[in-house]
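Student: I have a structure open and would like to understand the words people use for it. Could we go through a few of them together?

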Amino acid sequence: MDSLWADTKTFFPLFLQMLRREPAIRSVVVVGAADGKFVMPLVDCGYEVVAIDVNRSALYGGTAPAGSTKEAYPADGSLAHLLEQRGAKGQVELLNLDVRSIEMFPRDALWTSCSWHYSMNHDQPFDTLMRALTSCVRDGGLLGAEYFMPCSASQVASDFFPDVGEVWSWLRGFSKEWEAYTPPFVEAPHLGQPEPHVHRMGFFVARKNPA
Ligand SMILES: C[S@@+](CC[C@H](N)C(=O)[O-])C[C@H]1O[C@@H](n2cnc3c(N)ncnc32)[C@H](O)[C@@H]1O
């Protein structure tokens, strides 16, 4: 079964190319792993993956608790099920938690795609989330992210929608390897967004400086 996010635009193939040029990178954290759109290609390339998602349904399938705004995934479309089918369970550690509460041994690289826009993250400063993400990467490792840029006045005022260049002020202790920005584009309908809609997207890859 294809990921329910299969049709959304992504810079991930570029990030994967960068990882593959660095033999020292063996382990990758995916924050907002959902049903594996990014986890599966990493598995296929032989990486050890830590797949994090706060939504239990994404990892294991089933309905979300009553009153929850989290997306529901079918059991046979969950990440755990897809990994089992692929015979890749041993290659991926599933962590059902809010990344802001994480304490883990830093890995070689981290990828996240449009995860920090979820409204649940906006109850604490953007800096809290960025500190959590950066703590998951070892010295010399890579952090790659794509994110939405502001398309409305409220988004312009929000730290969670950084505009051109703004993201770097949150990435203390990292050096710029790559960045790219799109103009507004029409995104295909996806889980939680049944209509086509407009986004601007930013993408960066940063390397953690030695302490
Ligand atoms: C845009 S979605 C889907 C994944 C991805 N864009 C894709 O194409 O597969 C982002 C995911 O991030 C997760 N997420 C958001 N905030 C999180 C947090 N603080 N900790 C862990 N997961 C989080 C959500 O539950 C959601 O599954």
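**Contacts and burial**

Tutor: Gladly! This is a predicted model, and a good place to start is Val54, where a polar backbone atom is 3.2 Å from a nitrogen atom of the ligand.

Student: What makes that pair with Val54 a polar contact?

Tutor: A polar contact is a pair of N or O atoms within 3.5 Å. The pair at Val54 is 3.2 Å apart, so it meets that cut-off.

Student: Which polar side-chain atoms lie at such distances from a nitrogen atom of the ligand?

Tutor: One belongs to Asn121, at 2.8 Å, and another to Ser113, at 3.3 Å. Both values are within 3.5 Å, so these pairs count as well. As for cover, the ligand on its own has 590 Å² of accessible area, and the protein covers 97% of that.

Student: What surrounds the ligand?

Tutor: There are 18 residues around the ligand, with Asp53, Asp98, Val99, Tyr118 and Asn121 the closest. Sorted by class, this shell holds nine nonpolar, six polar and three charged residues.

Student: Why is Ala34 called buried?

Tutor: Buried means under 20% relative accessible area. Ala34 has 10%, so it counts as buried. Ala34 sits in the loop between β1 (27-31) and α2 (39-44), and its phi is positive, about 45°, although it is not a glycine.

Student: How do you know whether Cys114 is buried or exposed?

Tutor: Set its relative accessible area of 13% against the 20% cut-off: Cys114 is therefore buried. Cys114 lies in the loop between β4 (107-113) and α5 (126-135). Though not a glycine, Cys114 has a positive phi of about 55°.

Definitions and conventions
Residues numbered from 1 in each chain as written. Predicted model: local features only at pLDDT ≥ 70, side-chain atom pairs only at ≥ 80, totals over all residues. Heavy atoms only, no water. Near = heavy atom within 4 Å. Polar contact = N/O pair within 3.5 Å; in protein donor to acceptor, adjacent residues only side chain to side chain. Areas by Shrake-Rupley, 256 points an atom, 1.4 Å probe, with all protein chains shown as cover. Nonpolar A, V, L, I, M, F, W, Y, C, P; charged D, E, K, R; others polar. Helix = DSSP H or I, 4+ residues; strand = E, 2+ residues; numbered from the N terminus. Buried < 20%, exposed > 50% of the residue type's maximum accessible area, 1.4 Å probe, protein only.
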